[in-house]
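This report describes a single protein chain, beginning with one residue and proceeding to its surroundings. The sequence and the structure are shown below.

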Amino acid sequence: SYVDSPIVKVLVGAGLARREFEVQQVLICSRSEFLAKEVSDQSLGPHNGLANLESEDPDTFERYVEFLDGISFLVAPYEHIVLCNVYVLAHKLDDTKTQEKIIEYMKEDCE
């Protein structure tokens with residue numbers, strides 16, 4: 001279940017911009033094949049439950065997690081770039097469900 005899921009640490013960004021996120025494993029691994037593989041590959045080593053997304057933007061990842069967690073976030077029309085960035089991140093993470101939801105959200109917003 002969601003509540004009983006172990007916590008996964010996700011390191012996002014590089015240098016001074018690097019941030020650490022703690023996310024329920026079931027939340028991200030059930031949606032992202034990439035993160036599921038990243039977490040399972042490292043579960044045998046010293047970095048149990050750790051995923052590294054060094055080349056990604058921490059703010060975009062934060063919005064991605066908000067989207068997964070069902071936190072409704074509204075963006076003004078001129079901020080659709082935020083949704084586009086989350087869409088691209090979802091693509092990189094092999095998360096087609098989030099990509100589809102973002103397209104639906106943008107279509108509804110245009111009506």
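With which side chain does the side chain of Asp95 make a polar contact? The partner is the side chain of Thr98, at 2.6 Å; a polar contact is a pair of N or O atoms within 3.5 Å, where within protein one must be able to donate a hydrogen and the other to accept it, and residues adjacent in sequence count only if both atoms are side-chain atoms.

The model is predicted, so that local features need pLDDT of at least 70 and side-chain atom pairs count only at pLDDT 80 or more, while totals for chains, interfaces and linings use all residues. Residues are numbered from 1 along each chain as its sequence is written, and side-chain values use heavy atoms, with hydrogens and water left out.

**The chain as a whole**

The protein chain holds 5 helices and 3 strands, arranged along the sequence as β-β-α-α-β-α-α-α. Helices (H or I, at least four residues) and strands (E, at least two) are DSSP runs numbered from the N terminus. Of its 111 residues, 37% count as buried, a class defined as under 20% relative accessible area, with exposed being over 50% and partly exposed in between (1.4 Å probe, protein chains only). Among contacts (heavy atoms within 4.5 Å) between residues at least 6 apart in sequence, 55% join residues at least 24 apart. The chain exposes about 6800 Å², of which carbon and sulfur atoms supply 53%; such areas come from the Shrake-Rupley method with a 1.4 Å probe, and for residues only the protein chains shown count as cover.

**Asp95, Ala90 and Ile103**

| Residue | Location | Relative accessibility |
|---|---|---|
| Asp95 | loop between helix H4 (80–92) and helix H5 (96–110) | 0%, buried |
| Ala90 | helix H4 | 0%, buried |
| Ile103 | helix H5 | 36%, partly exposed |

Not counting residues up to four places away in sequence, Asp95 touches Arg31, Ser32, Tyr64, Leu68 and Ala90. With its neighbours within four places likewise set aside, Ala90 is in contact with Tyr64, Asp95, Thr98 and Gln99. The C-alpha atoms of Ala90 and Phe61 are separated by 9.2 Å, the two residues being 29 apart along the chain.

Ile103 counts as partly exposed because its relative accessibility is 36%. Together with Tyr87 and Val88, Ile103 forms a nonpolar surface patch with about 220 Å² of accessible area. Patches are made of residues with over 30% relative accessible area and no salt bridge, like charges being joined within 9 Å and nonpolar side chains (Val, Leu, Ile, Met, Phe, Trp, Tyr) within 5 Å. A salt bridge is a side-chain nitrogen of Lys or Arg within 4 Å of a carboxyl oxygen of Asp or Glu.
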